[in-house]
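Student: Could we go through this structure together, step by step, with the reasons spelled out?

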Amino acid sequence: MSNKILVVDDERHIRMLYQEELQTEGYTVVSSDGSEDINALVKKEKPDLIILDIKLEGNPKTGLDLLQEIRAHDTAMPVILSTAYDSFQHDLKSIAADAYVVKSVDLTNLKDTIKTILEKKP
């Protein structure tokens with residue numbers, strides 16, 4: 001059974017890129033634009049890891065808001081913050097994430113981070 005990853009990003013092409021690349025690595029991938037209730041989605045999909053974009057254009061909540069909601073219900077769920085803006089790495093809300101990855105067309109860093117986190121998961 002493969003690990004399931006939930007990708008939350010407002011950009012459709014990013015969700016598609018992550019899905020294609022991560023499925024090639026053997027992961028099951030589900031995605032959301034961030035407009036759904038995050039905890040209901042996590043309960044429904046039961047992911048092993050969440051990749052969460054920080055800036056979710058068109059949504060009333062940011063990825064940091066969603067991270068806080070996830071942590072309020074599940075402190076053990078692995079969450080990777082993924083954003084084009086490395087300045088958010090110093091935001092105090094971001095410390096609740098397991099990792100912080102700056103978006104790139106080369107997903108090597110993201111894939112390595114996913115692998116490392118999932119290997120540590122009990």
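Student: Is I38 buried or exposed?
Tutor: This is a predicted model, in which local features need pLDDT of at least 70 and side-chain atom pairs count only at pLDDT 80 or more, while totals for chains, interfaces and linings use all residues. Residues are numbered from 1 along each chain as its sequence is written, and side-chain values use heavy atoms, with hydrogens and water left out. Buried means under 20% relative accessible area, exposed over 50%, and partly exposed in between, with a 1.4 Å probe and protein chains only. Because its relative accessibility is 3%, I38 counts as buried.

Student: Which residues does I38 touch, not counting residues up to four places away in sequence?
Tutor: Contact here means heavy atoms within 4.5 Å. I38 and V8 lie 30 residues apart in sequence, yet their C-alpha atoms are 9.1 Å apart in space. With residues up to four places away set aside, the residues that I38 touches are L6, V8, L66, E69 and I70.

Student: Where is I38 found, and which residues of that helix are buried?
Tutor: Helices are DSSP runs of H or I with at least four residues, and strands are runs of E with at least two, numbered from the N terminus. I38 is found in helix α2, which spans residues 38–45. The buried residues of α2 are I38, N39, L41, V42 and E45.

Student: Why are these buried residues on the same side of α2?
Tutor: The arc is taken from the directions that run from the helix axis to the C-beta atoms. An α-helix has 3.6 residues a turn, so residues three or four places apart point the same way. The buried residues are on the same side of α2 because they cover an arc of only 160° around the axis.

Student: Which exposed residues does the other face of α2 carry, and what covers the buried residues?
Tutor: The face turned away from the buried side of α2 carries the exposed residues K43 and K44. What covers the buried residues of α2 includes β1 (4–8), β2 (28–32), β3 (49–53) and α3 (63–73).

Student: How many residues of β3 are buried, and on which sides?
Tutor: On one side of β3, L49, I51 and D53 are buried, and on the other side I50 and L52 are buried, which leaves both faces covered. In a regular strand the side chains alternate between the two faces of the sheet. The strand β3 is mostly covered, and the number of its buried residues is 5 of 5.

Student: In which sense does β3 pair with β1 and with β4?
Tutor: Two strands pair if DSSP finds at least two bridges between them. L6 stands opposite I50 in β3, and the bridge partner of I51 in β4 is I80. The pairing of β1 with β3 runs over 4 bridges, as does that of β3 with β4, and the sense of each is parallel.

Student: How many residues does the largest nonpolar core have, and which element supplies the largest share?
Tutor: A nonpolar core is a set of buried Ala, Val, Leu, Ile, Met, Phe, Trp, Tyr and Cys residues joined through side-chain atoms within 4.5 Å. The largest one has 19 residues, and those with the most contacts inside it are L6, V8, I50, L52 and L81. At least two residues of this core come from each of β1, α2, β3, α3 and β4 (79–83). The largest share, 4 residues, is supplied by α3.
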